[in-house]
Amino acid sequence: MEKLQIVQSQPPTSETKEREDKLSTELEENLIRRDLIWRQKSRELWLKDGDRNSKFFHLSTVIRRRSNHIAAIKEDNGEWSQDRERIGNYFLKNFQDLFSTSLPAFPNDLEGPISRTITDSKNDGLIQTPDDKEIMMALNSIPSLKDPRPDGILSLFYKHYGETVKSLLLSAVKHFFTSSHILKEWNNTFICLIPKCQGASTFKDFRPISLCNVCYKVISKIIANRPKPLLDKIISPNQTTFVEGKWINENGLLAQEILHTLKKMKARRGCIGMKIDFSKAFNKLEWSFITKILEELGFHTTFISWIYQCISTSTFSVLLNSLPQGHFSPSRGQEINCSKSGLFFSKNSSADTRRIAKDILGMLYHKPSPNLSIEPDLELKVRNLMLFHPKRWNYPLLTTLVEQGMVENILEIHLAQEDYEDAANWTPNASRKHSVKSFYLTDQQHRFQSNNEIVWKAIWNLKIHERFKLHLWRIASECLPWFSKESAPCPLCQTNSDSVDNLFRYCIFYRVAWRESPWDLQATVIPCTTTKDLINFVACPPNSLLANLDDKSSFSLYAAIVLYQLWITRNDVLHAGILGDLQQTIKKIKSCFKEHNERSRSSKKQQGCSSTPSLQLKPSQEPSGPNWSIINTDASWNINTSCLSGVLLHPNGLPTLSWFQISRDDKPLQAEARATLLALSIVVERGLNKIWLRSDALLLVEAILHPHSSPWEIRSIISDIRFALSRFSDWENEESVVERLTKLSKC
């Protein structure tokens, strides 16, 4: 910094200019490294790229370390200890007792409460060796700057130096899935103790957090992600905690309804309800019990062995004030935490019944006080509205039951000719699963309707700092903090009145900022009849101004910085008494834009280095031979109709047949699915044996390959596509760009 100041104080020459640029680059690199180090130490995960406040980072680090520091502990006998070795032995002893097995006995068949739900076809997908794409997706899902693991390597290292270490990571992960063996060094884990409250002094006052090696986390994420589509068949529908698409408060509402029923019950015999809390539920599950449950559910022995390797070979070390202490291996049973469990009785339960239950179970008695009620869900069946052989809608019956407009909507629903597993879908929710939150938002939709004049989603999707997004939202919502005296002049230009309209339209600071932009624009090019037009222009720059997508992102960033910096400068002049300097303001805008733009480019570069492999087949993997036929399908659509098209090719690339058909589908994914179904029906009639199906719709390709997780809108069409594909002796599916016929016939 001192060298840079010395150079800047010298007369401007080509040599000093070159030295200044070199020193500025070195300073920028050192600042980035320092910020990265202190950001990681401060553990402030809400900060985004562009925040630079070393003092804040230092202070956050000191506060966090002081709050997590363990200086003394109260042992089980009531004595206080400040000796580091005794404190470490205290935690080691408690963790060993917590994780030690109790050798419980349970029947081999678990007395039959669990039925086999995982079929052989589903197991085939679970036990496949992961490809490069799946491994890289798991790696990219790990936060880059989490606390370092026992090996001291962050996931950022694997992402940043992907070209160097990528092959080693891929081979190591694949070796585990082929050999079902994991190195103990990979499974070594640190237990970090986080105080639950101020003045934490006992073992129960600390929350343990496991810090695992990156290689192990990649393996565990792959294993955990694979059975996700099957969880709805394994987990009870009443389970709402830690289940994607469900809300934990649903159980609270259900519990209040049960308590309400107990309170109002007037039967002769009383009823009792139990609230059971399992102490350290996961940590106290026996490994043998877990494997037995997985066997009863029908999981393949290979998949079970992977899970068993991950949980049984782990070794733990307790981090005491950032230093590891001891080693131990876990395996433990489960018990009920009576201090957090409770009993609930109906009014007509006798005092003797309540006393006996409390004495036997050792639980507390809670008085219910519910005040909510929920109507039960109703499930409607529509099988009687269909005709079969072939399956179709019963049009005469529909016309007698519903209005004509509803009849037309029902007739547009595709009916699969082959039966497949049906499922209920809650359409207002993106996950298609019903929840109390989604129901509430649907019922109160009129309260949450946004102003259609502003592209709100485009604002929040901008690749800029959250601070700038919030500022744009404030301007668009007309809630920008603004204080000025009536008829007061603009603090910056001292000509027009002090208003939002003047600051972002007529002010000389605003006009010069655009002339000094990388695009040398005049302020008249920017539409600013209203602030809403201005924000829409910033969030969605037109192609007539900027055609390149990267230029659009840079333009939105620069515009957001201009609006933010002008507002800050205006407030400094008005409230802090700082003189408004036009050149200094423009310099701040350019410096801020340069910093954020460089960070954005470096982030894109890192993402490019760690991007997942392409789904495109290599030439050596493409089907070849005289019996193979290539089918290219595509669809185009507008508001009311769509055009389905396709081309049949020989392996040498010469087209032999083409077709197109007009359909009433107005949704892209449904149109693409129908185009594929139409193509298959045509090639089936021609008696082809081996086909290579190509489509430019990635969601459709994934739905065909993984029908259990296909979108509900095309699930019936996917069922017919899978049935049609079963008629061929062999088939392949690839993502490609096919848009030949649709360009000739736009709907």
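Colleague: Which class does F157 fall into, buried, partly exposed or exposed, given its relative accessible area?
Modeller: This is a predicted model, in which local features need pLDDT of at least 70, side-chain atom pairs count only at pLDDT 80 or more, and totals for chains, interfaces and linings use all residues. Residues are numbered from 1 along each chain as its sequence is written, while side-chain values use heavy atoms, with hydrogens and water left out. Buried means under 20% relative accessible area and exposed over 50%, with partly exposed in between (1.4 Å probe, protein chains only). Because the relative accessible area of F157 is 35%, this residue is partly exposed.

Colleague: How many aromatic pairs are there, and what is the geometry of the one between F157 and Y158?
Modeller: Rings of Phe, Tyr and Trp (its six-membered ring) pair if their centres lie within 6.5 Å, and planes under 30 degrees apart count as stacked, over 60 as edge-to-face and the rest as tilted. By this rule the count comes to 19 aromatic pairs. For F157 and Y158, the centres are 5.7 Å apart and the planes make an angle of 85°, so the pair is edge-to-face.

Colleague: Is Y158 buried or exposed?
Modeller: The partner of Y158 in that pair is F157, which is partly exposed. Y158 itself has a relative accessibility of 14%, so this residue counts as buried.

Colleague: How many residues apart are the partners F177 and W306?
Modeller: F177 and W306 form an edge-to-face aromatic pair, at 4.7 Å centre to centre and with 85° between the planes. The pair links distant parts of the chain, since F177 is in helix α8 (residues 162-179) and W306 is in helix α13 (residues 301-312), where helices are DSSP runs of H or I with at least four residues, numbered from the N terminus. Both F177 and W306 are buried, and their separation is 129 residues.

Colleague: Which residue has its charged end over the ring of F177?
Modeller: A charge sits over a ring if NZ of Lys or CZ of Arg is within 6 Å of the ring centre and within 35 degrees of the ring normal. Elsewhere, R694 lies over the face of W692, at 4.9 Å from the ring centre. Over F177, at 5.7 Å from the centre of the ring, sits the charged end of R226.

Colleague: Which residue contributes the backbone oxygen that lies 2.9 Å from a polar atom of the S716 side chain?
Modeller: S716 belongs to helix α27 (residues 715-725), and its 8% relative accessibility makes it count as buried. The backbone oxygen lying 2.9 Å from a polar atom of this side chain is that of H414.

Definitions and conventions:
Helices (H or I, at least four residues) and strands (E, at least two) are DSSP runs, numbered from the N terminus. A polar contact is a pair of N or O atoms within 3.5 Å; within protein, one must be able to donate a hydrogen and the other to accept it, and residues adjacent in sequence count only if both atoms are side-chain atoms.
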